[in-house]
Amino acid sequence: PKNFNKYIKTVSKQYEYWGIIALLSGGPGTGKTELVRQLARESERDLLYFDVSSQRNMYMGESEKAIKDVFKKYAMVVRKVKQAPILFFNEADSVFHQRNNSDIGISQTENIVQTILLNELERFNGILICTTNRPETMDKAFERRFSMHIKISEPSQIVRAQLLKYNFPEINTEQMYRLSQDFEFTAANLETFKQQKMIASIIRKKQSDVGQDLLLFFQTLSSNGNRPNKIGFNYK
């Protein structure tokens with residue numbers, strides 16, 4: 001809070017608006033949403049979640065009103081609390097995308113929404129974090145509105161090993177090393193595996209070998225093209 005207040009005072013001497021607007025980009029399951037949650041937790045700020053894609057209303061004028069209301073209500077909250085909350089736009093590319101003139105009606109509405117967004121971001125006071133899986137599809141006009149663009153890469157082999165150790169301490173060191181080396185996966189993939197294993201344990205009513213189950217799970221991901229198997233061999 002001390003540094004944040006110092007930042008506001010410093011910026012306010014030169015500019016009317018002091019908003020921090022950040023873009024997090026990266027593949028599915030790389031932890032963009034979780035990072036935003038942890039930032040809110042560490043800074044002890046409220047997290048105000050806005051599902052951008054669900055607000056694309058088909059009725060003329062409703063989308064524009066929804067966007068304006070978000071910023072209006074956020075500004076009211078900022079004035080009432082000591083700690084500015086984090087406004088979170090998930091899958092922001094759904095409205096920040098490049099403009100399309102193929103459908104005149106839809107294009108006109110989306111252009112109006114984007115103009116409203118550009119104006120709101122220009123005079124934004126607060127903290128806004130946006131996430132996207134497809135930064136290349138976003139309209140160039142929004143680039144200069146972002147204070148920072150943080151690219152989140154796929155987990156490295158070392159990070160994958162740490163994820164396995166944290167989530168499955170029962171597997172041995174050799175299994176952990178070889179699985180993390182042979183396969184690419186994310187924390188989201190491991191959450192999916194845990195859900196599947198929970199269902200299987202209820203149906204089978206017996207425990208199976210976690211290391212072997214993980215191997216089969218990763219092989220399935222690789223065969224589906226979700227995460228390539230770089231090494232290309234299986235082990236027993």
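1. Strands here are DSSP runs of E, at least two residues long, and they are numbered from the N terminus. With that in hand, you can place N90: this residue sits in strand β3. Keep in mind as you look around that this is a predicted model.

2. Staying with N90, is this residue buried or exposed? Buried means under 20% relative accessible area, and N90 comes in at 14%, so N90 counts as buried. Its side chain also has a partner: a polar contact of 2.6 Å links N90 to the side chain of T131.

3. Next, have a look at the largest nonpolar core. This core holds 37 residues, and the ones touching the most other members are F89, F96 and L117. Several elements give two or more residues to this core, including α1 (2–12), β1 (20–25), α3 (62–80), β3 (86–90) and α5 (104–122).

4. Try picking out L117 and checking who surrounds it. Setting aside neighbours within four places in sequence, L117 is in contact with I67, F71, F89, V95, F96 and F142. There is also a second, separate core of 17 residues, with M176, F183, L215 and F217 among them.

5. Now for the largest pocket, which has about 520 Å³ of space. Its lining is made of 25 residues, and G29, T30, G31, K32 and A187 lie nearest the centre. The elements giving two or more residues to that lining are α2 (32–42), β4 (127–132), α6 (157–167) and α8 (187–204).

6. What kinds of residues line the largest pocket? The split is 8 nonpolar, 12 polar and 5 charged.

Methods: Residues numbered from 1 in each chain as written. Predicted model: local features only at pLDDT ≥ 70, side-chain atom pairs only at ≥ 80, totals over all residues. Heavy atoms only, no water. 1 Å grid on protein atoms, 1.4 Å probe; cavity = no way out; pocket = protein on both sides within 12 Å on 5 of 7 lines; lining within 4 Å. Points joined across faces, edges and corners; volume = space filled by probe spheres on them. Helix = DSSP H or I, 4+ residues; strand = E, 2+ residues; numbered from the N terminus. Nonpolar A, V, L, I, M, F, W, Y, C, P; charged D, E, K, R; others polar. Core = buried A, V, L, I, M, F, W, Y, C linked by side-chain atoms within 4.5 Å. Buried < 20%, exposed > 50% of the residue type's maximum accessible area, 1.4 Å probe, protein only. Contact = heavy atoms within 4.5 Å. Polar contact = N/O pair within 3.5 Å; in protein donor to acceptor, adjacent residues only side chain to side chain.
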